[in-house]
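This report looks at the ligand sites and the empty spaces of one protein model, and then at its backbone. Please read it alongside the sequence and the structure shown here.

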Amino acid sequence: MSKKIIITGGAGFIGSHVVRLFVTKYPHYDIINLDSLTYAGNLHNLKDIENSKNYRFIKGDITNEDFINELFNEIRPDGVIHLAAESHVDRSIKDPLAFAKTNILGTMILLNAFKNLWDNNWENKLFYHISTDEVYGTLGEDGLFTEDTSYSPNSPYSASKASSDHFVRAYGETYDLPYVISNCSNNYGSFQFPEKLIPLFINNIINNKPLPVYGDGNYTRDWLYVIDHAIAIDLIFHEGATTETYNIGGFNEWKNIDLVKLLCQQMDEKLEREKGTSEQLITYVKDRPGHDLRYAIDASKINKYLGWKPSVTFEEGLSKTIDWYMVNSEWLENVNSSAYKDYYENQYE
Ligand code: NAD
Ligand code: DAU
């Protein structure tokens, strides 16, 4: 069956992988990539599919209500896959209002436009909201986040995502809007903006710059290869049950400091540097305020009901990711722009 799907945030890191998967796998769908191209959005991420017949890019801001209403009336999307967001915790600490605007208000404007467009004719319609494991707050040394873990966000970013999740559910309860939500752990892979841990550290190792580890480095994250996230999103969009939440994770917990050491080892080999060279760049810096100690996902529900599991080991995924950044040095140079330099200097002083 043919479908029109608006994917928001499709020029970003995860969004570009989702757009590519849908455009190539479903030639009979119309895929509309709606993105305002903030610092994190980059159309170079989609060069390989930009001329596909079933693909169209529209530059626009999800917080512009009139524009979104007009667009929904023109396109009449059967589905929305909503990834557009301000996504970086450190930036949310510096500018929380920007996160409330895009992540909460932007999500509400999309929900409202979808509700008004279909006016209760919900057959074969779906609003799929992409969220994060950070809404659950932090774990101690033990335990895993399940779909029933209560929300306890600690950063302006996670609070804004938690709020948007609540609005999606509220539109489901109040207006019967068909929705599904997934909450995923930390992604890594190609096309990730180098302000997040893994691409930042790859970039710095290449350029022999310090590797700024926050606090004592004993914070734990659960890492997932971005293509496995895109595959999970495809499965949930097509086979997930409406009004359900699915947790997605890598079954792959790493303390930051251990991850950084593994990255250093792999990069020393690839750059043909003497063993131990990159580790010397590790520099412990001031901690992130409100830093969550540990995230870890119980992804047994999506595994049990949709048969999903990660397809690559972390060592393989990390190696492929490093190779991608080394081969695509031009992409990295382009995003290392003056605006990015300003952010970097301000963040790490
Ligand atoms: P990203 O920052 O790389 O990309 C976000 C995209 O949204 C960019 O292309 C940006 O231009 C666009 N955008 C931002 N504000 C917009 C606006 N007002 N209107 C239209 N477009 C706008 O983010 P990402 O890492 O790819 O994350 C995508 C989604 O997945 C987010 O909702 C995020 O919360 C969620 N998520 C991310 C991770 C992760 O590890 N990166 C993990 C779990 C969930
Ligand atoms: O858990 C999912 C979340 O993962 C997503 O919702 C977010 O959009 C995504 O940005 C990511 O959030 P994190 O804050 O976990 O990712 P980040 O890469 O910023 O940091 C990962 C860990 O590394 C975290 O414990 C902070 C630490 N860190 C990060 C940076 C940028 C450092 O020690 N030094 C750094 O310079």
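Which elements each supply at least two residues of the lining of the second largest pocket? In this predicted model, they are α3 and α12 (338-348).

## The second largest pocket

The second largest pocket has a volume of about 320 Å³, and of the 13 residues that line this pocket, K94, K286, D287, Q347 and Y348 are the closest to its centre. By class, its lining is made up of five nonpolar, two polar and six charged residues.

## The site of ligand 1

Ligand 1 is surrounded by 29 residues, of which I14, D35, S87, Y157 and K161 are the closest. Two of these closest residues also place a polar side-chain atom at 2.7 Å from an oxygen atom of the ligand: this holds for S87 and likewise for K161. The backbone takes part as well, in that a backbone N or O atom of N187 lies 2.9 Å from an oxygen atom of ligand 1. On its own, ligand 1 has 840 Å² of accessible area, and the protein covers 96% of that area.

The elements that give two or more residues to the shell around ligand 1 are α1 (13-25), β5 (126-132), α5 (156-175) and β7 (186-188), and the element that gives the most is β5, with three residues. Sorted by class, the shell around ligand 1 divides into 12 nonpolar, 13 polar and four charged residues.

## The site of ligand 2

Around ligand 2 there are 26 residues, and T132, D133, Y157, R288 and Y348 come nearest. Y157 is thus listed among the nearest residues here and among the closest residues to ligand 1, while Y348 is also listed among the residues closest to the centre of the second largest pocket.

Polar side-chain atoms of three residues lie at short listed distances from an oxygen atom of ligand 2, namely 2.8 Å for N186, 2.9 Å for N256 and 2.7 Å for H291. Taken alone, ligand 2 exposes 690 Å², of which the protein buries 95%. The elements α3 (89-94), α6 (197-206) and β8 (211-214) are those that give two or more residues to the shell around this ligand, and by class the shell has 12 nonpolar, seven polar and seven charged residues.

## The enclosed cavity

Rolling a probe the size of a water molecule over the atoms shows where empty space is left. In this model the count comes to one cavity of 30 Å³ or more, and the largest cavity has a volume of about 50 Å³. Its lining consists of V89, E134, S155, R221, R288, P289, G290, H291, D292 and Y295, which by class are three nonpolar, three polar and four charged residues. Of these lining residues, R288 is also one of those that come nearest to ligand 2, and H291 also has a polar side-chain atom 2.7 Å from an oxygen atom of that ligand.

## Positive phi outside glycine

Although D119 is not a glycine, its phi is positive, at about 40°. D119 has its place in the loop between α4 (96-118) and β5, and with a relative accessible area of 56%, over the 50% cut-off, D119 counts as exposed.

E272, which is likewise a residue other than glycine, has a positive phi near 55°. E272 is found in the loop between α8 (256-270) and β12 (282-285), and its relative accessible area of 74% means that E272 is exposed too.

Conventions
Residues are numbered from 1 along each chain as its sequence is written. Chains are lettered from A and ligands numbered from 1 in the order in which they are written. This is a predicted model: local features need pLDDT of at least 70, side-chain atom pairs count only at pLDDT 80 or more; totals for chains, interfaces and linings use all residues. Side-chain values use heavy atoms; hydrogens and water are left out. A residue is near a molecule or strand if one of its heavy atoms lies within 4 Å of it. A polar contact is a pair of N or O atoms within 3.5 Å; within protein, one must be able to donate a hydrogen and the other to accept it, and residues adjacent in sequence count only if both atoms are side-chain atoms. Accessible areas come from the Shrake-Rupley method with a 1.4 Å probe; for residues, only the protein chains shown count as cover. Helices (H or I, at least four residues) and strands (E, at least two) are DSSP runs, numbered from the N terminus. Ala, Val, Leu, Ile, Met, Phe, Trp, Tyr, Cys and Pro count as nonpolar, Asp, Glu, Lys and Arg as charged, and the others, Gly among them, as polar. On a 1 Å grid over the protein atoms alone, a cavity is a set of points where a 1.4 Å probe fits but cannot get out, and a pocket is an open set with protein on both sides within 12 Å along at least five of seven lines; lining residues have an atom within 4 Å of a point. Grid points are joined across faces, edges and corners, and a volume is the space filled by probe spheres set on the points. Buried means under 20% relative accessible area, exposed over 50%, partly exposed in between (1.4 Å probe, protein chains only).
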